[in-house]
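Q: Could you pick one small part of this model and take a close look at it? Once that part is clear, I'd like to see how the rest is put together around it.

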Amino acid sequence: MSDTILYEHPLNERVRVFIRLETIYSQIDELLGYDSPLQTRSIIALIGDLLAIIQRGDLKSEMLKELERHIATFSKLRESPQVDNQILENYLFKLQEMTARIHSVSGQIGASLKTDEFLNSVIQRCGIPGGTCDFDLPVLHFWLSRSPESRLQLVSRWLNELQLVKETTQLLMELTRSSAHHQQVTAENGIYQRSLEKNHPCQLVQVSIPADIPFFPEISGNKHHFTVRFMELSDSTERAQQFNDTVSFSLGVCII
């Protein structure tokens with residue numbers, strides 16, 4: 001178990017979506033380590049969550065805009081003597097390659113999964129509490145009784161259709177987190193506030209605190225400012241209350 005807990009809060013909608021995608025993919029990766037029918041059922045529900053995010057807005061366009069923004073930023077950094085050119089060129093290559101791959105996709109990423117009758121019938125029922133019972137979906141009951149290898153083969157095919165989203169999300173979040181400026185700060189009376197510069201857009205706020213302390217941070221904010229408010233939960237039946245003592249913590253501000 002780690003000695004610290006890291007809390008992150010996105011300060012714009014794009015990063016918020018990327019973190020949600022990242023969270024879903026991490027859950028899928030964890031579940032792929034098991035081969036029970038219950039785990040497979042859970043993976044299908046998570047694939048449904050991925051498709052809901054992808055189909056809700058123009059994710060393809062948003063990813064391209066973010067990639068191109070990073071390409072422009074990194075290209076300007078070529079002129080800085082303080083930059084490691086090898087690392088810079090490596091990231092530029094990855095960004096340009098990912099941009100080209102997304103441009104090569106005709107239509108929406110994962111669009112072919114819309115025509116998968118079996119997958120969509122299960123996903124639709126996942127939105128209903130207990131909706132994937134055997135009597136509701138005998139076809140799912142039949143399929144889950146097949147061998148783990150057979151189930152994994154189909155699950156892998158579905159996930160491969162969305163692999164580009166996973167890789168793009170991983171690259172963009174890696175770049176965002178690597179831009180963090182860390183410092184030790186103090187929250188007086190349990191509250192820390194900070195204004196942000198307009199010319200240096202902050203993407204993500206990170207708060208790291210020891211794992212054994214009895215309180216946690218609630219972070220709120222936007223591109224102009226953010227607030228970290230420390231809270232304590234004494235009883236699960238009650239609402240968390242603000243912690244009113246001074247708190248020292250590690251703050252990371254991701255600006256790229």
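A: Let's start with Asn189, which is found in the loop between strand 2 (180-187) and strand 3. Keep in mind throughout that this is a predicted model. What catches the eye here is the backbone: phi of Asn189 is near 55°, a positive value in a residue other than glycine. Most residues other than glycine have a negative phi. As for the side of the protein it faces, Asn189 has 51% relative accessibility, so it counts as exposed, the cut-off being over 50%.

Follow the chain from that loop into strand 3 and the rings come into play. A search of the whole structure turns up nine aromatic pairs. Take one from elsewhere before the one beside our loop: the ring centres of Phe118 and Trp158 are 6.1 Å apart with the planes at 35°, so this pair is tilted. Phe118 belongs to helix 5 and Trp158 to helix 7, so their pairing ties together parts that are 40 residues apart in sequence. Both Phe118 and Trp158 are buried.

Now back to the strands. Tyr192 and Phe226 have ring centres 6.3 Å apart and planes at 40°, so they make a tilted pair too. This one also links distant parts of the chain, with Tyr192 in strand 3 (residues 191-195) and Phe226 in strand 6 (residues 225-232), 34 residues apart. Tyr192 is buried, and so is Phe226. They don't stand alone, either: Tyr192, Phe215, Phe226, Phe230, Phe243 and Phe249 form one aromatic cluster.

Phe230 from that cluster leads on to Gln241, which touches Phe230, Met231 and Glu232, leaving aside residues up to four places away in sequence. Gln241 itself lies in strand 7 (residues 241-242). For a sense of scale, its C-alpha is 40 Å from that of Cys133, a residue 108 positions away along the chain.

Next, the helices and what they pack around. The largest nonpolar core has 54 residues, and the members that touch the most others are Ile47, Trp143 and Trp158. Two or more core residues come from each of helix 1 (13-31), helix 2 (37-56), helix 3 (59-77), helix 4 (85-103), helix 5 (117-126), helix 6 (138-144), helix 7 (148-160) and helix 8 (163-178). Helix 1 gives the most, with nine residues. Trp158, the ring we met in the pair with Phe118, touches Ile44, Ile47, Leu113, Asp116, Phe118, Leu119 and Trp143, again not counting residues up to four places away in sequence. There is also a second, separate core of 19 residues, which includes Leu11, Val185, Leu196 and Val247. As a general point, nonpolar side chains in soluble globular proteins tend to be buried together.

Ile28 gives a good view of helix 1, where it lies. With 1% relative accessibility, Ile28 counts as buried. Not counting residues up to four places away in sequence, Ile28 touches Ile43, Leu46, Ile47, Leu50 and Leu159. Its C-alpha is 9.5 Å from that of Thr40, 12 residues away along the chain.

Over in helix 4, have a look at Thr99. Thr99 is a polar residue that counts as buried because its relative accessibility is 9%. Its contacts, with residues up to four places away in sequence left out, are Leu64, Leu67, Glu68 and Ile71.

Finally, zoom out to the whole chain. It has eight helices and eight strands, and its C-alpha atoms fill a box of roughly 60 × 55 × 30 Å along the principal axes. Of its 256 residues, 39% are buried. Among contacts with a separation of 6 or more, 74% are between residues 24 or more positions apart. On the outside, the chain exposes about 14600 Å², with carbon and sulfur atoms supplying 50% of it. The charge count is 24 positive and 32 negative side chains, with the centres of the two sets 8 Å apart.

How values were computed. Residues are numbered from 1 along each chain as its sequence is written. This is a predicted model: local features need pLDDT of at least 70, side-chain atom pairs count only at pLDDT 80 or more; totals for chains, interfaces and linings use all residues. Side-chain values use heavy atoms; hydrogens and water are left out. A nonpolar core is a set of buried Ala, Val, Leu, Ile, Met, Phe, Trp, Tyr and Cys residues joined through side-chain atoms within 4.5 Å. Buried means under 20% relative accessible area, exposed over 50%, partly exposed in between (1.4 Å probe, protein chains only). Helices (H or I, at least four residues) and strands (E, at least two) are DSSP runs, numbered from the N terminus. Contact means heavy atoms within 4.5 Å. Accessible areas come from the Shrake-Rupley method with a 1.4 Å probe; for residues, only the protein chains shown count as cover. Lys and Arg count as positive and Asp and Glu as negative; His and the chain ends are not counted. The place of a charge is taken as NZ of Lys, CZ of Arg, CG of Asp or CD of Glu. Rings of Phe, Tyr and Trp (its six-membered ring) pair if their centres lie within 6.5 Å; planes under 30 degrees apart count as stacked, over 60 as edge-to-face and the rest as tilted.
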